[in-house]
Amino acid sequence: MADKCCAGKRRSSASSTHPLDPLSVDEITTAATLLRQHAHPTALKFNCITLHEPLKAELTAFLGGTGPRPARRVFSIMLKKGTPEISEAVVNLTTRKVESWKRVKDVMPTLTLDDLNIIERIASKDLRVIEACREIGITDMSRVYFDAWAIGIDERWGFERRLQQALPYYRSSPHDNQYAHPLDFTVVADTETEEILSVDVRRVNGERTPVPLDKHNYLPQFIKDQYRPERLKPIEITQPEGVSFRMNGNELEWAGLKMHVGFNYREGIVLSNIRIDDPYEQRERKLFHRVSVVEMVVPYGCPKPPHHKKHAFDVGEYGSGFMTNSLKLGCDCKGAIHYLDAVLATSTGEATVIENAICIHEEDNGLLYKHTDFRDGSVISARDRKLIISQIITAANYEYAFYHTFTLDGTYKLEVKLTGMLNTYCLHASEQAAPFGTEIARGLDAQNHQHIFSLRVDPEIDGPNNTVVQSDAVPMADPVGSPANPYGNGFYAKKTPLRTALEGAADYCHETTRGWDITNPTRLNPSTRKPIAYKILNNNCPPLLAKPGSTVYKRAGFARHALWVLPYRDHEVFPAGHYVCQSTGEEDHPHNPTIVDWAARDECIENTDIVCYIQFGLTHFPRTEDFPIMPAEPVSVMLRASNFFEKNPALWVPPSDVVRDLSSRNAVEAKELMETPRL
């Protein structure tokens, strides 16, 4: 799990706080106190205490200088201690009052790290678990470890119990790789009563499966004799004049781009109010109001128990913020780094600080532009650079590294690198891993699975009202030899505006290299006389392979399409529902609507304030090369300017030879200045 540190920077809630800044230690403490007082004498267990973002209209007015500072508010989900009874509340920190409090039913909130620690603590003491281990020769329970998961599907209990499951593993030594030794049973627990409800032992032909005992380790103490450091020479990344970005609290400015960097327990990094200086119009232009990763699902493809219960929603069921690592210089980030800490609430209402939760740094990004004139041999070449805002989370066996990246031409790219450990299971001698998995080592099955992420983009392409236009590369319909297409080589971009929310549920098409333009129909590019736009480039978008009607298909409705476009509504954020744990995917749930319900309203999405949900990821058929620890595998999605600027927006970047000349000249001038006698 994530490295945590309780010492960190204390941030006050002074009036200078940006309305989107994460809650400070003091604000969390104050909110918890007010909520306890309101609930007295009922004892509370806090599931989350997080910023309740201002209404968009209020925020826009304040940032534009036409409205007052929005009140500072907190949103909290709480349980009546020892029960699954859930309430949610909004606290106004400005007035120090609880503004709303309501009970919600037939839903379950995220499983926090505090919650997930419960099952490992209690499982090894349960007599049924001890007996299940004894049957396969394990008598030392200190060597048995339990990975806690949300429970994807289990018909035996409804919402009267708050459930979690655990996958058990064995370690032959304290730092042994447990994923080399999976056990053949699973455990189900009640999170609130802290009791084991069931120990589900799998038998094959009436037999237990022995523990795979071959060792497959990756830590230095086991494999340091395999290291060959002499093959690589050191690389030093230096910025002798410092970084090119500036931070004012959580507000960031870099190379003409400006934005606010936020963070919360569920989404992790949230980028807001993203805008860019246009070098030709000589004004600041809005790009995106808010960008964040709002959900992901990892459905496993083996239909046999217990794998049918494995489909993790790592954002909605656990929270990307809660699982965030404390990053380390030289390992997770390299170069001149600016870190931001994360302040989160524990189940007791106290604040905890994850130091270095967010890493902000620059990297060289290869060519920005280049041309060689073959006639006179002149060459012009400029280097690109990227600004990276990143976090890394640990979700049990997997690590996900999120890199929000901006380049000098105004491009935004989200890259996710997947690494960590495969989820493994033991194979009985009579079984084969195929076709639903791969035997990655003797007796170890790694099942097929998918990783589908949902990036929520609230665009503001030079104004609040936008339209998404689908773009397909198609050949001309006119036949070869016809007057319109005499040589048969004609093709064009077929543009189809998405006008209603049901039309906005769109799929990727490889045959037409489909893309989508987020346009501002009221602003035309002076050259093309077409609406200015930012285009969505997304070819890493596998279709959800679970069949319609399946549990995964219903619960992960957002993953049915590569794109959803909806009209904006305040606080309508999470596409799998606000409450994902134990969700059934039932449509029209009174307390837990999903993106399927929002789209069913089929409202207008043309020339209005819209939100885009972009799904991307990969289908993972495990390889032996993924074991015992996975090389990082990247997937990404990109948004690029398309007729947004009058011309290349990065011409302000000097060519490399000019930069060298200027640097040399500056060095000479500096030397001359040092040698000049001073009075």
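**View 1. Gln615 in strand 29.** Gln615 is found in strand 29, residues 610-620; strands (E, at least two residues) and helices (H or I, at least four) are DSSP runs, numbered from the N terminus. This is a predicted model, in which local features need pLDDT of at least 70 and side-chain atom pairs count only at pLDDT 80 or more, while totals for chains, interfaces and linings use all residues. Residues are numbered from 1 along each chain as its sequence is written, and side-chain values use heavy atoms, with hydrogens and water left out. Gln615 counts as buried because its relative accessibility is 2% (buried is under 20% relative accessible area, with a 1.4 Å probe and protein chains only).

**View 2. The four-stranded open sheet.** The strand order is 1-2-3-4, with antiparallel pairing; two strands pair if DSSP finds at least two bridges between them. Strand 1 (44-51) and strand 4 (97-104) are at the edges with a single partner strand each, so one side of each has no neighbour in the sheet. Neighbouring strands are turned by 20° against each other on average, direction ignored (axes are lines fitted to C-alpha atoms, for helices over the stretch in contact, and angles run from 0 to 180 degrees between N-to-C directions).

**View 3. Strands 1 and 2, with helix 1.** Strand 1 and strand 2 (residues 73-80) run antiparallel and are joined by seven bridges. Phe46 stands opposite Met78 in strand 2. Helix 1 (residues 25-39) packs on the sheet and touches strand 1, strand 2, strand 3 (86-92) and strand 4; contact means heavy atoms within 4.5 Å. The direction of helix 1 makes about 135° with that of strand 1.

Definitions and conventions: Buried means under 20% relative accessible area, exposed over 50%, partly exposed in between (1.4 Å probe, protein chains only).
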